Amino acid sequence: MSAARRTSFAAASLAMGTALVLGCECTPPPGPTDGGSGRDSRVPDAWELVPVHDPLSMPEEATLTPSDFQRSERCTMCHADHVSEWQSSMHAYAMVDPVFQALVSVRQADFMGTQDQFCVQCHSAIGTRGGEITAGFSFTGLSPITLEGVTCVSCHQVTELARDHNSGHVLDATASMRGPITDPVASGRHESASSELFGTSEFCAGCHDIVEVSGLSLERPYEEWLSSPARAAGRNCQSCHMPEITREVAPSAPERTSHEHRFRGVDLPLLDGFATPEQMDVLRADRAALLTSSADVRLQVPDSVRAGGTLDLVIDVESLLDAHSLPTGSTFIRQLWLEVVVRDAHDRVVYETGTLDGNGDLRDHWSALDPYGDPDLVSFSSSLTNAAGQPELFPWRSTEHFRRTLEPLHTRTVTLFVPVPSSMDGPLSVRARLRFRSHPPFLLRALGLTELVPRVEIQDIDEASASVEVVP
Ligand code: HEC
Ligand code: HEC
Ligand code: HEC
Ligand code: HEC
Ligand code: HEC
């Protein structure tokens, strides 16, 4: 699947007479010590600075006019529920997202503008195809419809899907509003048309599966779903992320099956003022519901352990999610990990893994205070490495993407060996927790977004605990 995709993406780009930066013999991109945000003098020489285009999603000349598309405020009068639900969703956040904006600036500097359309092609297809995303563009100069990100009409005026990744939707501002309703009542405002595409996972795939310019597969929930039990059972992305509700879709329209537009997910907006406190509570509840239903943690311990011996902890992490991996999507940004803490009878910590350093970071390669201080760390996130084989923050500076995500309904069993000193007072208490957060602090700091670090909330997915006697 991914090999075929690479070919089609390359062919599309090459058809436009552009060179892809495939298999470049790059000098090692900067390591973590450059802090990631500043432009490293080695970078411009490292890649060929050839403009990257694609006839559909990253055109050289504008293929549509952004002002021909209607903003979400034009829908409020009749679809007030859809608008208010969408407003606090990540789709509405896609272009104002400070993490997105900061990453884009680093890429702009790295490629000196030659790949400036790449990141924006899905976050705002209308702006990218509309000629607003040009070399060296700035987020402050963009039109309101572009800043609305994945807005109503970027989905509802899709007439066709040209490919199942990298902004594969065909958009038409003159098209009728398309959706799942086969017998829409007249609206007086727009023509309606039913389209089967809206009830398919392919529709989401057009943006949710991402292949880098280099061919590296970055995000692939749809590809994972293709071979999942959920697909076999006929459940698509919408069934979990846009659950059905019965309501009037517009005033004076009949009650019918409608679809919630909060696009339930696991990411919470970090931008102040994007969502009201009430909306934040709803988003937190959505996220907790999705995450806590997605995995179980089980702990097996012996009844007792000999002082001076070793305590063997066997921990099963079982995915209960049958649709895609856990986590999925931007798995190189998300953190999902196992925390295990063992305490003695005096509540002193005698063993820990998956705990945080003073900066709030996991104690792995990226910890500034205790790098590699946690050799037992069990992480389910993915990691990127560059041509020098070193861990890398930025996907476009990477050559490998190692996934440790849990496949649908799979169990990963972890065994930890905890030394028990001969002087220790039992019983020992053991606690294992599976934890998730959207962004690691080191990444926010590297992007100059340190003020956002305290806003990142950890969600516990499941935990298990046990007690073990210590015998002489
Ligand atoms: C093929 C469409 C597509 C392209 C191209 C794309 N994105 Fe995204 N991006 C998405 C989707 C879909 C998600 C949601 C995935 C998730 O939340 O796990 C996302 C999520 C993100 C997030 C996480 C949001 C957050 O703040 O937590 C960031 C950051 C981001 N993208 C940055 C980028 C950058 C930088 C680029 C260019 C290198 C890029 N994206 C290119 C579709 C795309
Ligand atoms: C003046 C009222 C009005 C306005 C304004 C309006 N709509 Fe509608 N829309 C309707 C009615 C009525 C229906 C049919 C509902 C039904 O039959 O249940 C509808 C149906 C739809 C459908 C479903 C089409 C189908 O066949 O599945 C979509 C999608 C849609 N509208 C999107 C939008 C968007 C996006 C906007 C803003 C750009 C918008 N509408 C503005 C009244 C309106
Ligand atoms: C059976 C219900 C179900 C179906 C079907 C489903 N998902 Fe999910 N999805 C979840 C749950 C639960 C989570 C939270 C756990 C996780 O992150 O994997 C989630 C998380 C996500 C995330 C956020 C991941 C992150 O950590 O940023 C994205 C993006 C996503 N799903 C996209 C999709 C797409 C695209 C499809 C269809 C191809 C799909 N989902 C189908 C249940 C589902
Ligand atoms: C990311 C794509 C996307 C965005 C953005 C989006 N929608 Fe939808 N919308 C859908 C899909 C998909 C369905 C049908 C779901 C299904 O059939 O399972 C739908 C259904 C609808 C319907 C038909 C009734 C219903 O609830 O099923 C209306 C009306 C509608 N959307 C209006 C809007 C409005 C107004 C906005 C902006 C505030 C909006 N949508 C934003 C994807 C989107
Ligand atoms: C036009 C492109 C586009 C389409 C089509 C699209 N998405 Fe998204 N989606 C995005 C982007 C971009 C983001 C991330 C925005 C950000 O956080 O910066 C996102 C984020 C999400 C999230 C939040 C993920 C998280 O980490 O919490 C969910 C859930 C989601 N989309 C579900 C869907 C579903 C379901 C569909 C199909 C009905 C769909 N999307 C179609 C572009 C799209």
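Colleague: Which residue has a side-chain N or O atom 2.9 Å from an oxygen atom of ligand 1?
Modeller: In this predicted model, ligand 1 has an oxygen atom with polar contacts to consider, and a pair of N or O atoms counts as such a contact within 3.5 Å. A backbone N or O atom of Ser 330 lies 2.9 Å from an oxygen atom of ligand 1, but the question concerns a side chain. The side-chain N or O atom at 2.9 Å from an oxygen atom of the ligand belongs to Arg 334.

Colleague: Which residue is the only protein donor of the iron atom of ligand 1?
Modeller: Among the residues that come nearest to ligand 1 are Asp 97, Cys 119 and His 123. A polar side-chain atom of His 123, which has its place in helix 6, lies 3.0 Å from a nitrogen atom of the ligand. The iron atom has its only protein donor in NE2, at 2.2 Å, and the residue is His 123.

Colleague: Which helix gives the most residues to the shell around ligand 1?
Modeller: Helix 5 (98–110), helix 6 (120–123) and helix 10 (201–208) each supply at least two residues of this shell. With four residues, the one that gives the most is helix 5.

Colleague: Why does ligand 1 lie between two domains, and which are they?
Modeller: The shell around ligand 1 holds 25 residues, which divide into ten nonpolar, nine polar and six charged. Residues of this shell come from both domains, so the ligand lies between domain 1 (2–264) and domain 2 (289–471).

Key:
Residues numbered from 1 in each chain as written. Chains lettered and ligands numbered in written order. Predicted model: local features only at pLDDT ≥ 70, side-chain atom pairs only at ≥ 80, totals over all residues. Heavy atoms only, no water. Near = heavy atom within 4 Å. Polar contact = N/O pair within 3.5 Å; in protein donor to acceptor, adjacent residues only side chain to side chain. Nonpolar A, V, L, I, M, F, W, Y, C, P; charged D, E, K, R; others polar. Domains from an automatic or database assignment. Donors = N, O, S within 2.8 Å, 3.2 Å for Na, K, Ca; no water.
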